[in-house]
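Here is a short tour for anyone who likes to read a fold strand by strand and helix by helix. Please have a look at the structure first, and then we can walk through it together.

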Amino acid sequence: MNYFTRKKVKDILSGQVEDMSNVTVLGWVRTKRVSKNIAFIEINDGSTLENLQIVILNPEEFEVLNDINTGSSLKIVGYLDEIKGREQSVEMKAEKIEIVGDCPSDYELQKKRHSFEYLREIAHLRPRTNTFGVVNRFRSKMSYAVHKFFQERGFNYIHTPIITANDTEGAGEIFRVSNFDLENLPLTDKGEVDYSQDFFGEETGLTVSGQLEAEVLASALGDVYTFGPTFRAENSNTARHVAEFWMIEPEMAFCNLEENMQVIEDFLKYLFKYALEECKEEMAFFNKWIADDNRVEKLEELIESDFDRVSYTEAIEILIEAEQDFEYDVEWGIDLQTEHERYLTEKHFKKPVMVTDYPREIKAFYMRLNDDGKTVRAVDCLVPGIGEIVGGSQREERYDVLVKMMEEDNMELDQYDWFLDLRKYGTVPHSGFGLGFERILMYISGINNIRDIIAFPRTPGNAKF
């Protein structure tokens, strides 16, 4: 197949191929046009949005042309020819054409526009479209950007378990993991499922967050981060929710909330800048075909802005005094809704803002209690357009305080004995945050449905592919 000697379309079109006389290209047919004296094939190999034009000067000598359809995979050998005065400066003259894989005429991706809704039904084929080719290359590049940011700053990449006995968020939206015969479940004397007989000897599920385990590693390595799949059994069909998604979760020892917020701001700006500088083809596509505003200009403004800081209590006061009718009433103690968050970023501050020190009752058990006894050292980073995009906190590092809060929340301390040990043996102030990878990709690209930014979305009633 000449896999190691073939030339990528991206390299050909960018002038990276020195020897233009004997070139092998492998890819899929996007279009074919045949006339008496000349034929054209547009071929794409997935390396770039652009297709390479293949020119057949003597089509009567290529009987194989009759069997080539849109979607066929080909091996083409020929030479490159520079073309002046055209948008694409090079084309390929074919000398040999071989069908690697034929494609019947009922191929579902013909040369026409397909709705995103329809393409979700053929998720195994949609990466071959222009839009989803761009999306998946963009996702790959931005994954690298995530690692690059943390690696350049001395963070250690760690792998936290996917199967866990912990519900970090405490919401109970966990996919259960079991080896039981579901038609013959062992029961206790009380008629409850006896998980002591299960594979792990206790009730387990798919992780909703790697944070608790990341705290373990941060207590030994200093600065760590996770970047992996997480799962929520939330029966939601909104454009912002899927059951399986990827989370970025750094955890930093000897770090307070103010330092944590600076890392959040630096990280977001780094991702915005990386997208603009290293994903120019993708951003140009999003700006032209996807976003309903000038996405490039918007990101440039965010990079130049200083993220504001405001306490939850101050934010509530701003919202109460706002001359605007909200669907959800505003009072101290509520969990801010998207409409409240967007008002703060889009109308009041007119830039990103960090809201800190939320009421303890609406935040997770592990967040550091403030001296007022009512609020915790939590932070939500809000951005124009969507509201909250990052959530984080300074963790409660004081053993006695954490035990008391867990007892007040009626938590089983025995289940978290290892987590409490971190506060017993050499405890340190530490902080971290979580950023949904799909959420930030949606924000940068302008794609408004999370099902279109992840290759194989898992939603209620759908685990196909």
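## Strands, helices and a cavity

Strand β10 (residues 223-231) and strand β11 (residues 244-253) run antiparallel and are joined by nine bridges. Within this pair, Gly228 has Met247 of β11 standing opposite. Please keep in mind that the model is predicted.

Both strands belong to an open sheet of eight strands, whose order is β6-β10-β11-β16-β15-β14-β13-β12. The pairing in this open sheet is mixed. Which strands stand at the edges? They are β6 (156-157) and β12 (308-311). Each of these has a single partner strand, so one side of β6 and one side of β12 are left without a neighbour in the sheet.

Now to the barrel. Five strands close up here, in the order β1-β2-β3-β5-β4, again with mixed pairing. From one strand to the next, the twist averages 55°. One of the pairings links strand β3 (residues 52-56) with strand β5 (residues 90-101): these run parallel, and two bridges join them. If you would like a spot to look at, try Ile54, which stands opposite Met92 in β5.

Next come the helices. Two packed helices are described by the angle between their axes and the distance between the axes. Helix α3 (residues 130-152) takes part in two such crossings, set out below with helix α5 (residues 257-278) and helix α6 (residues 280-290).

| Helix pair | Axes come within | Crossing angle |
|---|---|---|
| α3 and α5 | 10 Å | roughly 135° |
| α3 and α6 | 10 Å | roughly 135° |

With α5, the axis of α3 crosses at roughly 135°, which makes α3 oblique to α5. The crossing in which α3 passes α5 is right-handed. With α6, the axis of α3 also crosses at roughly 135°, which makes α3 oblique to α6. Here the crossing of α3 and α6 is left-handed.

Finally, let us look for enclosed space. How many cavities of 30 Å³ or more does a search of the whole structure find? The search turns up one. The largest cavity holds about 50 Å³ of space. Its lining includes Ala123, Arg126, Pro127, Phe132, Val135 and Asn136, and also Asp452, Ile453, Ile454, Ala455 and Phe456. By residue type, the lining of the largest cavity divides into eight nonpolar residues, one polar and two charged.

Conventions:
Residues numbered from 1 in each chain as written. Predicted model: local features only at pLDDT ≥ 70, side-chain atom pairs only at ≥ 80, totals over all residues. Heavy atoms only, no water. 1 Å grid on protein atoms, 1.4 Å probe; cavity = no way out; pocket = protein on both sides within 12 Å on 5 of 7 lines; lining within 4 Å. Points joined across faces, edges and corners; volume = space filled by probe spheres on them. Nonpolar A, V, L, I, M, F, W, Y, C, P; charged D, E, K, R; others polar. Pairing = 2+ DSSP bridges. Helix = DSSP H or I, 4+ residues; strand = E, 2+ residues; numbered from the N terminus. Axes fitted to C-alpha atoms, helices over the stretch in contact; angles between N-to-C directions. Parallel < 35°, antiparallel > 145°, perpendicular 65-115°, else oblique. Left-handed = near helix turned anticlockwise from the far one by under 90°.
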